[in-house]
Amino acid sequence: MVKVGVVGYGVIGQRLADGVALQEDMELVGVADVAPTLAVRALKEKGMPYDFYLAVEENREKVEKAGIPISGNLEDLIKKVDIVLDATNAGVGAKNKVLYEKYGKKAIFQGGEKTSVADVFFHGYANYEKGLGKQFLKLTSCNTTGLIRSVDCLDRAVGVESTMIHIVRRVADPGDYHRGLTNALKVDPVPNHQAVDLMLIMPHVKATGVLVHTPVTHGHFITVFAKPKKKVSKEEAIEIFREHPRIRLVKIEDGFLGNASIFRYARDLGNPRGDMYEISIWEETVTPFEDHLIYSLHIPQESVVIPETIDGIRAAMEMQTDRLEAVGLTNKYLKIGRHK
């Protein structure tokens with residue numbers, strides 16, 4: 001059993017902890033955070049299913065006053081694990097890396113950190129082999145993770161020469177206030193970082209794209225203009241996507257009108273927090289156009305990176321050296337796709 005610790009018990013950290021706890025070949029040793037946040041208070045109210053480690057000693061009195069049992073400090077957690085999943089705010093992970101190096105531990109960082117923090121910029125499906133045995137991996141961002149799933153899926157089936165992507169990006173997660181209240185769209189320069197990151201993971205595919213920030217909270221919307229290396233029909237493309245365990249095909253005619261429909265459907269399924277591990281592709285948007293294939297997808301930003309992070313554990317710890325065996329086990333324990 002590989003021993004895992006989660007540092008940063010926020011939006012991603014909570015979901016990583018839950019995801020690791022479901023893996024039958026991993027043990028979640030505990031989670032660490034800096035204060036009695038709402039997530040930590042909820043952990044206590046749920047009966048402390050995970051041991052809690054305090055990362056900032058100055059906040060001990062606040063945590064104890066909230067009645068949250070403390071199992072130790074951050075270094076205590078690091079000492080007990082084989083690998084750390086760092087889900088702290090951008091920039092904090094790079095500082096924590098000093099501790100991971102001090103104790104000779106492996107770590108996986110989330111998309112907010114700079115790529116230079118790790119040995120490998122990692123994606124479970126697209127470049128699993130590059131992560132084998134490495135000490136530090138960094139995940140792609142939520143948008144890039146879902147985007148690469150779809151492009152890699154198409155690329156392995158028919159080859160992809162280039163992509164142009166248009167992203168409508170949610171501005172904040174549900175419950176966040178730090179971005180303020182707004183009634184505006186914000187445009188990023190071309191190319192957006194998702195296109196650049198895609199080329200880092202898949203250097204044989206040329207990519208560029210536009211990103212527009214929009215004042216919604218439930219998911220990103222991406223339209224992809226992919227240039228396949230050979231002609232593919234709408235029906236063939238749909239079947240290629242359907243075969244991928246982490247891609248869900250949805251239809252407008254069935255009531256999936258947009259991001260809110262998918263979030264509501266996930267809640268109706270009884271998924272914790274309304275999460276969806278899969279990206280969703282609308283069948284009606286899958287359209288050959290001259291020498292390109294167009295399709296649009298939904299990215300559930302709070303949960304989409306969880307499977308790929310767990311793939312990262314398998315690669316870094318060399319639990320499985322075969323890519324499909326590794327992602328297959330992650331899918332099985334998370335009950336993704338055909339494992340539902």
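## Exercises: salt bridges and helix crossings

Let's start with a tally: this structure has 19 salt bridges, a salt bridge being a side-chain nitrogen of Lys or Arg within 4 Å of a carboxyl oxygen of Asp or Glu. Keep in mind that this is a predicted model, where local features need pLDDT of at least 70, side-chain atom pairs count only at pLDDT 80 or more, and totals for chains, interfaces and linings use all residues. Residues are numbered from 1 along each chain as its sequence is written, and side-chain values use heavy atoms, leaving out hydrogens and water.

**Exercise 1.** Find the salt-bridge partner of D275, and work out which parts the pair ties together.

*Solution.* Step one: look for the partner, and you'll land on R15, with the closest N and O atoms 2.9 Å apart. Step two: place both ends. D275 sits in the loop between α9 (259–268) and β14 (279–282) and R15 in helix α1 (residues 11–22), so the bridge ties together parts 260 residues apart in sequence. (Helices are DSSP runs of H or I, at least four residues, and strands are runs of E, at least two, numbered from the N terminus.) Step three: check exposure. D275 is buried at 12% relative accessible area, and R15 is buried too, at 6%; buried means under 20%, exposed over 50%, partly exposed in between (1.4 Å probe, protein chains only).

**Exercise 2.** Now take R264 and D268: where do they lie, and are they buried or exposed?

*Solution.* Step one: both are in helix α9, four residues apart, about one turn of the helix. Step two: their side chains meet in a salt bridge at 4.0 Å, N to O. Step three: R264 is exposed at 55% relative accessibility, and D268 is exposed at 59%.

**Exercise 3.** Describe how α10 and α11 cross, then find what T330 touches.

*Solution.* Step one: the axes of α10 (residues 305–316) and α11 (residues 323–334) come within 9 Å and cross at roughly 130°. Axes are lines fitted to C-alpha atoms, for helices over the stretch in contact, with angles running from 0 to 180 degrees between N-to-C directions. Step two: that makes α10 oblique to α11; angles under 35 degrees count as roughly parallel, over 145 as roughly antiparallel, 65 to 115 as roughly perpendicular and the rest as oblique. Step three: zoom in on T330, which lies in α11 and is buried, with 0% relative accessible area. Beyond its neighbours within four places in sequence, T330 contacts Q23, R246, P307, I310, D311 and R314, where contact means heavy atoms within 4.5 Å.
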